[in-house]
Amino acid sequence: MARVRTGVRAMGAVLAVALVASLAGCSSTGGKRAEERAAAAAEGRSAVNTPRWTFAMVTHSGDGDTFWDIVQKGAEQAALKDNINFIYSHNDEGNQQAQLVQTAIDKKVDGLIVSLAKPDAMKAVVAKAVKAGIPVVTVNSGSAESKEFGALTHIGQDEAIAGEAVGDELNARGRKKALCVLHEQGNVGHEQRCAGAKKTFDGTLQNLYVDGTNMPDVTASIEAKLQSDQDIDAVVTLGAPFADAAVQAKQTAGSKAEIDTFDLNAKVATGLRSDKLGFAVDQQPYLQGYQAVDLLWLYRYNRNVLGGGLPVLTGPQVITKDDADALADFTKRGTR
């Protein structure tokens with residue numbers, strides 16, 4: 001079974017669903033009404049009759065990032081259920097992301113979801129949103145800065161803990177020399193992942209910085225490193241799209257290194273099943289998007305806040321070949 005290192009705090013991620021169900025009331029018809037609402041949502045209508053609030057999500061995603069497609073899908077599903085007008089925008093440059101947040105503030109949205117991969121660029125504009133009375137939830141990146149910036153809570157994984165899980169897994173697999181591939185310079189979460197892995201890994205771990213916007217360059221950089229150091233027996237990529245590049249680099253370099261990755265998608269699931277990949281660290285992006293919208297809705301409706309001042313953890317969950325079959329259908333539909 002997949003191993004989860006989320007702790008008690010991760011239970012907060014499921015409480016929102018229970019709270020929504022409780023809105024059926026305590027009458028004898030509560031269960032029936034809940035079923036009716038669920039059926040309505042399944043037909044493309046909201047499951048609640050609250051005002052049609054507008055929530056904006058602004059992330060640091062680049063174009064074509066499958067991870068953020070899954071986050072967005074989760075948020076859209078929750079928005080449909082919660083009668084929310086959902087607006088999504090993204091930019092992988094910190095200053096550009098901040099400008100998108102300012103645009104959302106100018107539109108006077110009713111709730112804001114932001115990622116904080118580059119917190120220095122986002123601090124001032126998040127403060128503006130909070131000052132304007134817009135409730136903010138941070139997602140994916142920025143667990144350490146979320147509370148300081150005034151957000152209600154953070155939903156995602158603790159990147160340092162996720163990295164530590166990787167180090168532990170590499171130890172369990174008997175690896176001795178690993179390469180941690182960082183594809184977005186300036187992303188504090190990526191640095192934390194590699195640092196966490198280095199902390200718990202009994203072997204030697206080196207960082208390799210690549211240009212994540214240029215996949216041929218990513219492949220060439222990993223290939224060159226594997227050719228120059230045949231002792232590397234594990235390569236850890238920090239995003240699902242880069243795992244395939246590492247597999248190609250391994251083949252060309254004639255390396256025997258195991259390829260492992262953060263995040264899960266259909267290609268990664270296939271790679272796990274075929275033994276092209278050793279393991280993946282899933283942080284459940286669908287859940288991040290879904291719960292971010294749900295928690296903002298709960299706050300607007302009932303002033304509910306989860307986490308108790310701590311992040312609501314959605315990972316890390318270590319996925320291996322044994323788990324891939326059970327998750328294959330979900331990855332194909334784009335929710336895992």
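In the predicted model, Ser89 touches Met57, Val58, Thr59 and Leu100, neighbours within four places in sequence being left aside. Ser89 belongs to strand β3. Its relative accessibility is 19%, and Ser89 is therefore classed as buried, the limit being 20%.

Strand β3 is part of an open sheet of six strands, arranged in the order β3-β2-β4-β5-β6-β12 with parallel pairing. The edges are formed by β3 (85–90) and β12 (312–315); each has a single partner strand, so one side of each lacks a neighbour in the sheet. From one strand to the next, the twist averages 15°. Helix α3 (residues 66–81) lies across β2 (54–59) and β3, and runs at about 165° to β3. The loop between α3 and β3 contains Asn83. This residue, Asn83, has a positive phi of about 60° although it is not a glycine. Most residues other than glycine have a negative phi. With a relative accessibility of 17%, Asn83 counts as buried.

Further into the sheet order, β4 (residues 111–114) pairs with β5 (residues 136–139) over three bridges in the parallel sense. Val114 has Thr138 of β5 as its bridge partner. Strand β5 is in turn joined to β6 by three bridges, again with the strands running parallel. Here the bridge partner of Thr138 is His154 in β6. Thr138 thus has bridge partners in both adjoining strands, Val114 and His154. Three bridges also link β6 to β12, and these strands run parallel. Ile155 is matched with Val312 of β12. Five of the five residues of β6 (residues 153–157) are buried, so this strand is largely enclosed by the rest of the structure.

Helix α7 (residues 159–172) comprises 14 residues. From its first C-alpha to its last it reaches 20 Å, close to the 20 Å expected at 1.5 Å a residue. The N-terminal end of α7 is capped by Asp158, a side-chain oxygen of which lies 3.0 Å from the backbone nitrogen of Ala160. The buried residues of α7 are Glu159, Ala162, Gly163, Glu164, Ala165, Val166, Gly167, Glu169 and Leu170. Just after α7, Gly174 adopts a positive phi of about 75°.

Beyond the edge strand β12, the chain contains a cis peptide bond between Gly315 and Pro316, with omega about 10°. Most peptide bonds are trans. Pro316 is placed in the loop between β12 and β13.

Helix α13 (residues 321–332) has 12 residues and spans 16 Å between its first and last C-alpha atoms, close to the 16 Å expected at 1.5 Å a residue. Its buried residues are Asp323, Ala324, Leu327, Ala328 and Thr331. Viewed down the axis of α13, these fall within an arc of 160°, so they line one face of the helix. An α-helix has 3.6 residues a turn, so residues three or four places apart point the same way. The buried residues of α13 are covered by elements including α11 (266–273) and β13 (317–319). The exposed residues Asp325, Ala326 and Asp329 are carried on the face of α13 turned away from its buried side. Gly334, which follows α13, has a positive phi near 85°.

Within α13, Asp323 has a relative accessibility of 7% and counts as buried. Its side chain reaches the backbone nitrogen of Thr320 at 2.9 Å. The C-alpha atoms of Asp323 and Phe279 are separated by 9.8 Å, the two residues being 44 residues apart along the chain.

A positive phi is also found at Gln284, about 55°, although this residue is not a glycine. Gln284 is located in the loop between β11 (280–282) and α12 (285–302). With a relative accessible area of 23%, Gln284 is partly exposed, whereas Asn83 is buried.

For the protein as a whole, 13 helices and 13 strands are present. Of its 336 residues, 54% are buried. Among contacts between residues at least 6 apart in sequence, 74% join residues at least 24 apart.

Methods
Residues numbered from 1 in each chain as written. Predicted model: local features only at pLDDT ≥ 70, side-chain atom pairs only at ≥ 80, totals over all residues. Heavy atoms only, no water. Pairing = 2+ DSSP bridges. Helix = DSSP H or I, 4+ residues; strand = E, 2+ residues; numbered from the N terminus. Axes fitted to C-alpha atoms, helices over the stretch in contact; angles between N-to-C directions. Contact = heavy atoms within 4.5 Å. Expected span 1.5 Å × (residues − 1). Buried < 20%, exposed > 50% of the residue type's maximum accessible area, 1.4 Å probe, protein only. Polar contact = N/O pair within 3.5 Å; in protein donor to acceptor, adjacent residues only side chain to side chain. Arc of directions from axis to C-beta.
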